[in-house]
Amino acid sequence: AATAAARGVLRNAGWDGTRPLVVFAPGAAYGTAKRWMPEYVARVATDLVRQRQATCALVGSAGDTPTTREILTMIDPQAAAHVIDLSGQTTLEVLAGVLGIAHACVANDSGAMHMAAAVGTPLVALFGPTREHETAPLTRSGRRADVLIHPVSCRPCMLRECPIDHRCMKGITPERVYASLTSLLSSTTT
């Protein structure tokens, strides 16, 4: 039922059901220090639409809507038709369905990251101020999660807000995330 509801939500939002679906969970309830840069999300989503003919869905709570709207303003206009904002529009069950349908997911250290791992979605998990060894995603058997960090002297600080320059998250480049996603997508479509 959750999968059927998710397909309906996605189709109503513009997904054609055939393009590869990549989900981004750009929020983090703990604080902004755990959020990957919105402009980086926009770059990777734009590249996925252009180069892999993907549809990208932005998910999160209603509290994440300002972040997803910011990301949408940075999407290349030619790619924008294939980027869907579902923030604040799904129940947990429908979110699980969306993640279960997705070919891959990019998420900060968050509840959505753990849900993606639990339903078996190939996952790129981004860790900045938190300890990836303590809260890494627990994937289903045979599924893959790439945990990405940028090692800097101040991480893991465990702070909600970065008091300096957010170097731990800025150092996880869009190119690195795109390469990880490309590897995940190639291994799931063969």
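## Close-up views of a predicted model

**View 1. A right-handed β-α-β unit is built from strand 1, helix 2 (residues 38–52) and strand 2.** Welcome to this predicted model; this unit is a good place to begin. The two strands of the unit, strand 1 and strand 2 (residues 55–58), pair in the parallel sense over 4 bridges. To find your way along this pairing, look for L21, which stands opposite T55 in strand 2.

**View 2. Strand 1 (residues 21–25) is mostly covered.** How many of the 5 residues in strand 1 are buried? The count is 5 of 5. Follow the strand and you will see that both of its faces are covered. On one side sit L21, V23 and A25, on the other V22 and F24, and all of these are buried.

**View 3. Strand 1 also pairs with strand 4 (residues 104–108).** These two strands run in the parallel sense and are joined over 4 bridges. A handy landmark here is F24, which stands opposite V106 in strand 4. Strand 1 thus appears in two pairings: with strand 2 and with strand 4.

**View 4. A57 is a buried residue of strand 2.** Why does A57 count as buried? Its relative accessibility is 0%, and buried means under 20%, so A57 falls within that class. If you now look for A96, you will find it 39 residues away from A57 in sequence. In space, the two are 13 Å apart, C-alpha to C-alpha.

**View 5. The largest nonpolar core holds 32 residues.** Those that touch the most other members are F24, W36, L48, L126, V177 and L181. Several elements each supply at least two residues of this core: strand 1, helix 2, strand 2, strand 4, strand 5 (123–126), helix 7 (167–170) and helix 8 (174–188). Which helix gives the most to this core? That is helix 2, with 7 residues. You have met helix 2 already, as the helix of the β-α-β unit in View 1.

**View 6. The structure holds 1 cavity of 30 Å³ or more.** The largest cavity has a volume of about 40 Å³. Around it you can pick out F24, A25, P26, W36, V41, V106, A107, N108 and L126 as the lining. Strand 1 and strand 4 each supply at least two residues of this lining, and strand 4 gives the most, with 3 residues. The lining divides into 8 nonpolar residues, 1 polar and no charged. Some names will be familiar: F24, W36 and L126 line this cavity, and they are also among the residues that touch the most other members of the largest nonpolar core.

**View 7. The largest pocket contains about 320 Å³ of space.** It is lined by 17 residues, and the closest to its centre are G60, S61, D64, L95 and A112. Helix 4 (92–101) and helix 5 (111–119) each supply at least two residues of the lining of this pocket. Which helix gives the most? Helix 5 does, with 3 residues. Sorted by type, the lining of the largest pocket divides into 8 nonpolar, 7 polar and 2 charged residues. Set beside this, the lining of the largest cavity in View 6 has 8 nonpolar residues, 1 polar and no charged.

How values were computed. Residues are numbered from 1 along each chain as its sequence is written. This is a predicted model: local features need pLDDT of at least 70, side-chain atom pairs count only at pLDDT 80 or more; totals for chains, interfaces and linings use all residues. Side-chain values use heavy atoms; hydrogens and water are left out. Buried means under 20% relative accessible area, exposed over 50%, partly exposed in between (1.4 Å probe, protein chains only). Two strands pair if DSSP finds at least two bridges between them. A crossover is right-handed if, with the strands pointing away from the viewer, the path from the first strand over the helix to the second runs clockwise. On a 1 Å grid over the protein atoms alone, a cavity is a set of points where a 1.4 Å probe fits but cannot get out, and a pocket is an open set with protein on both sides within 12 Å along at least five of seven lines; lining residues have an atom within 4 Å of a point. Grid points are joined across faces, edges and corners, and a volume is the space filled by probe spheres set on the points. Ala, Val, Leu, Ile, Met, Phe, Trp, Tyr, Cys and Pro count as nonpolar, Asp, Glu, Lys and Arg as charged, and the others, Gly among them, as polar. A nonpolar core is a set of buried Ala, Val, Leu, Ile, Met, Phe, Trp, Tyr and Cys residues joined through side-chain atoms within 4.5 Å.
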